[in-house]
Amino acid sequence: MRVAVIGTGYVGLVSGACFADFGHDVTCVDKDASKIARLKDGHMPIFEPGLEDLVEQNVREERLHFTTDPTEALKSADAVFIAVGTPSRRGDGHADLSYVFAAAEEIADRMQGYTVVVTKSTVPVGTGDEVEARIRKRRPDAEFAVVSNPEFLREGAAINDFKRPDRVVVGGADDPRARKCMEELYRPLFLNETPIVFTERRTSELIKYAANAFLAMKITFINEMADLSEAVGANVQEVARGIGLDNRIGSKFLNAGPGYGGSCFPKDTLALVRTAQEAGAPTRLIEATVKVNDARKKSMAQKIIDAAGGDVAGKTIAVLGLTFKPNTDDMRDAPALDIIPALQAAGATVRAFDPEGVAEARQMLRDVEFAKGPYECVAGADAMTILTEWDQFRALDWKRVKAALNTPLVVDLRNIYRPEEMRERGFTYVSIGRP
Ligand code: UGA
């Protein structure tokens with residue numbers, strides 16, 4: 001099949017590369033000429049494990065193409081994916097749909113023959129209706145369908161998530177031609193017996209928000225259990241294991257930490273809250289989740305300050321990990337963006353290291369010294385804190401760290417070490433929700 005993908009962000013690029021790998025002929029289009037030029041040269045705009053090889057292989061086999069020209073991309077395309085950004089609109093938290101509608105109009109002006117227009121971007125309920133209306137207005141006679149097909153991939157595990165998803169959701173493929181097209185696109189997953197949920201378009205749009213909101217709520221729930229564990233002398237990791245073994249609850253997404261971040265949960269929970277308020281059906285659980293998570297990210301600096309004896313003025317704090325999670329260079333809404341400025345405001349000097357996030361972090365943080373590796377980062381520091389659970393922080397040479405630190409204090413906001421072992425190594429070790 002001929003596929004066009006509009007937008008080469010996380011979702012667009014990964015979807016494009018994976019559809020090409022499924023055997024389709026895919027053209028990815030983006031307005032950003034320098035990004036397209038770099039992609040053509042094999043340079044990825046994001047850090048995502050396995051993506052560079054997948055792109056390289058499919059470009060070599062001539063199934064994957066990049067262009068800035070939508071006319072070229074859309075030429076005789078059977079399906080066109082809208083995978084542009086839907087950032088939070090400043091001020092009100094609503095998803096900004098201007099890129100989605102601009103893409104819809106670009107498609108309207110260029111599509112040829114029966115075309116399935118697929119929204120992959122996370123869009124509020126009703127967006128598909130609006131996309132359809134806008135296309136219809138520009139092309140009253142055109143033959144097309146607008147289908148919702150939300151994406152559930154995670155950064156850092158994107159390719160595996162795309163190729164081996166728990167399910168695929170398709171909304172609004174009522175026209176048999178549209179349904180056949182979607183089945184054909186995902187044929188390799190059909191063979192794997194991946195459940196494909198065909199539903200109404202509005203339902204499909206809501207499924208995406210409901211999934212992210214539920215996961216954000218699950219994380220927030222365990223984070224509150226962590227605070228309660230600290231207060232009553234329990235161990236949150238064992239609480240998580242104890243409840244997670246109940247199949248109705250499930251053990252995933254129960255790692256307590258400094259609060260969720262990233263480009264999706266904060267934005268999507270907020271957008272869902274706004275949609276629900278406007279629809280007169282407020283989602284109070286999600287409203288609370290948003291508030292609790294925001295407050296948590298802000299409170300983490302105080303936890304570090306308390307561990308350092310209540311005062312960090314004039315002290316140097318070594319921060320290991322800046323990105324919102326490992327295996328990405330993405331800094332959007334990372335807890336580090338709340339924690340580091342608060343430590344600085346309390347008078348601390350911050351030295352930081354991250355395996356992939358430094359280039360982005362430089363643009364978002366001020367007066368931070370960036371180290372080249374974890375040991376350089378901790379040298380002469382008065383405390384060390386782990387904000388992201390990168391694998392390379394899971395096997396640190398603790399003798400070296402101890403010799404390098406001024407004070408053997410470790411604040412681990414990701415619970416990647418065992419408290420007993422850290423104490424045996426001679427550290428004061430503070431973690432989340434554990435005695
Ligand atoms: C999330 C969803 O997991 C994807 O299914 C979805 O497709 C994506 O949003 C999206 O809407 O595009 P992502 O933001 O890449 O994916 O990252 P997650 O792995 O979900 O992590 C989000 C945040 O939750 C991170 O800050 C992470 O540290 C935190 N988290 C996650 C925890 O604190 N504890 C956990 O147990 C799990």
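Biologist: Which element gives the largest share of the shell around the ligand?
Modeller: Helix H10 does, with three residues. It is called a helix because DSSP assigns a run of H or I of at least four residues (strands are runs of E, at least two), and the numbering starts at the N terminus. This is a predicted model, in which local features need pLDDT of at least 70 and side-chain atom pairs pLDDT 80 or more, while totals for chains, interfaces and linings use all residues. Residues are numbered from 1 along each chain as its sequence is written, and side-chain values use heavy atoms, without hydrogens and water.

Biologist: What makes a residue part of the set that surrounds the ligand, and how many are there?
Modeller: One of its heavy atoms must lie within 4 Å of the ligand. There are 19 such residues, and the closest are Phe152, Leu153, Lys208, Asn212 and Cys264.

Biologist: Why is the pair between the ligand and Asn212 called a polar contact?
Modeller: An oxygen atom of the ligand is 2.7 Å from an N or O atom in the side chain of Asn212. A polar contact is a pair of N or O atoms within 3.5 Å, so this pair qualifies; within protein, one atom must also be able to donate a hydrogen and the other to accept it, and residues adjacent in sequence count only if both atoms are side-chain atoms. Lys325 also offers a side-chain N or O atom, 2.8 Å from a ligand oxygen. For Leu153, a polar backbone atom is 2.6 Å from an oxygen of the ligand.

Biologist: How much of the ligand does the protein cover?
Modeller: The protein covers 92% of the 710 Å² of accessible area that the ligand has on its own, by the Shrake-Rupley method with a 1.4 Å probe. Helix H10 (201-232) and helix H12 (265-278) are the elements that give two or more residues to the shell.

Biologist: From which domains does the shell draw at least three residues?
Modeller: From each of domain 1 (2-199) and domain 2 (201-435), with bounds from an automatic or database assignment. Their C-alpha centres lie 32 Å apart.

Biologist: How do you know that the domains touch, and how many residues take part?
Modeller: Contact means heavy atoms within 4.5 Å, and it takes 36 residues from domain 1 and 28 residues from domain 2. The two domains bury about 2600 Å² between them, 52% of it on carbon and sulfur atoms. That is the accessible area (1.4 Å probe) lost on being put together, summed over both parts. In domain 1, Phe47, Val125 and Glu155 lose the most area to domain 2, together 26% of what that side buries.
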